[in-house]
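Biologist: Please pick one part of this model and take me through it closely, then show how it fits with the rest. I'd like each cut-off spelled out as you go.

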Amino acid sequence: MLPIGEPCDMDFLKTEEISLRYITLDPDDPQRKWDPAVHFDILDHTGARAGGCNLRLGHSEALYYAGNIGYQIDEPWRGHHYAGKTCRLLFELARRQGMEYVIITCAPENQPSRRTCEWLGGELVEIVELPEDDQRRQLTGSAYRCIFRFFLTRGDTDMFLDTDFLKNDEIQLILEKTVEADPGKNWLPAYHFAICDLSGAKMGTCDLRIGHNESVYYGGNIGYRIDEPWRGHHYAGKACRLLFELARRHGMDYVIITCNPDNRPSRRTCEWLGGELVEIVELPEDNSMRVEDGETHKYIYRFGLKTERNECAEGRS
């Protein structure tokens with residue numbers, strides 16, 4: 001564990017864009033139900049202070065509502081995912097402290113913070129009403145919190161499901177291969193399918209990546225391609241609907257599909273499916289799609305996957 005009140009080796013808490021400068025570590029306070037917390041300044045690549053953050057170690061009832069991680073990005077530095085990139089560094093610190101997951105919470109109406117949690121691939125556990133004596137009721141004026149959980153270790157053994165159900169009265173998805181996660185390359189586990197008509201003739205391909213991370217936020221959970229002779233029949237959208245059901249069976253609350261701004265057919269597919277256009281985002285300089293393919297921007301569409309848990313949470317918001 002971190003030495004209470006003393007700095008330790010935290011040189012790993014940096015990227016090419018940001019770094020975290022250690023300030024202090026507060027010991028736990030059982031009387032106030034406070035857990036140990038380490039505090040940092042967030043610095044940009046020039047060393048200028050861009051905000052602040054903290055990581056609370058451990059898990060308790062108080063932290064379930066407050067969260068393990070807190071952050072604040074100052075106005076001039078907003079819009080660059082500094083909050084999310086800061087959290088990724090704090091995730092690594094939490095791993096090194098033996099934590100298996102962390103919680104981040106926010107008020108339901110705090111859309112920027114919710115987008116940060118989704119961009120990071122968080123699981124929305126629930127939207128919960130705060131206890132009557134919780135200080136956040138008075139401090140924020142909100143009686144509810146969105147509870148996002150982030151698992152820091154995952155295993156992919158036997159995670160792939162049977163896919164024989166992926167068919168409708170027009171098309172079927174035939175599994176071609178599965179690919180396990182590769183954390184070193186930031187790859188999530190994925191299914192790859194042939195899109196076929198009911199006679200088995202191949203009309204295109206599609207894939208589904210399970211889970212969420214920064215790479216998938218830009219590249220999407222779902223990719224598809226329809227061969228020329230079969231275009232114009234919404235086969236891409238119909239394939240996506242089948243993949244939505246597979247994603248649901250993996251417990252996913254939503255999926256992301258992205259496309260280039262000039263790809264109007266793909267944009268129309270996302271609109272036909274009822275996707276929410278979250279933002280038009282510039283790709284990071286080191287993103288492989290930018291480096292290898294010369295792409296610079298992506299349309300980010302989000303598709304909520306209705307489940308009993310989602311509907312219950314929405315009803316309480």
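Modeller: Happy to, and let's begin with exposure: a residue is buried when its relative accessible area is under 20%, exposed when it is over 50%, and partly exposed in between, using a 1.4 Å probe and protein chains only. Numbering starts from 1 along each chain as its sequence is written. This is a predicted model, in which local features need pLDDT of at least 70 and side-chain atom pairs count only at pLDDT 80 or more, while totals for chains, interfaces and linings use all residues, and side-chain values use heavy atoms, with hydrogens and water left out.

My pick is helix α2, which spans residues 82-96. Helices (H or I, at least four residues) and strands (E, at least two) are DSSP runs, numbered from the N terminus; the protein chain has nine of the former and 14 of the latter.

Start with C87, which counts as buried because its relative accessibility is 0%. With a disulfide taken as two cysteine sulfur atoms within 2.5 Å, C87 is in none, as the nearest cysteine sulfur, that of C117, is 6.9 Å away. The whole structure, in fact, turns up zero disulfides. C146 is likewise unpaired, with the sulfur of C106 nearest at 4.6 Å, and C146 too is buried at 0% relative accessible area.

Next comes the packing. A nonpolar core here is a set of buried Ala, Val, Leu, Ile, Met, Phe, Trp, Tyr and Cys residues joined through side-chain atoms within 4.5 Å. The largest one has 43 residues, and F91 is among those touching the most other members, along with L20, F40, L55, I69, V102 and F150. Helix α2 gives the most to this core, with eight residues. As background, nonpolar side chains in soluble globular proteins tend to be buried together. Counting a contact as heavy atoms within 4.5 Å, and leaving aside neighbours within four places in sequence, F150 touches F91 as well as partners including V102, I104, C117 and L120. A separate core of 32 residues includes I171, I222, I226 and F303.

Now for the charges. A salt bridge needs a side-chain nitrogen of Lys or Arg within 4 Å of a carboxyl oxygen of Asp or Glu, and the model has 20 of them. R88 pairs with E214, their closest N and O atoms being 3.6 Å apart. This pair reaches across the chain, from R88 in helix α2 to E214 in helix α5 (residues 214-219), 126 residues apart. R88 is partly exposed at 32% relative accessibility, whereas E214 is buried at 17%. R96 and E92 form another bridge, with 3.0 Å from N to O; they sit four residues apart in helix α2, so about one helical turn separates them. E92 is partly exposed at 27%. Elsewhere, salt bridges link R21, D41, R49 and D74 in a network.

Finally, a word on confidence. pLDDT is the predictor's confidence in each residue, from 0 to 100; its mean for the protein chain is 86, and 89% of the residues reach 70 or more. Two stretches to treat separately are residues 3-7, where pLDDT is below 50, and residues 308-317, where it stays under 50.
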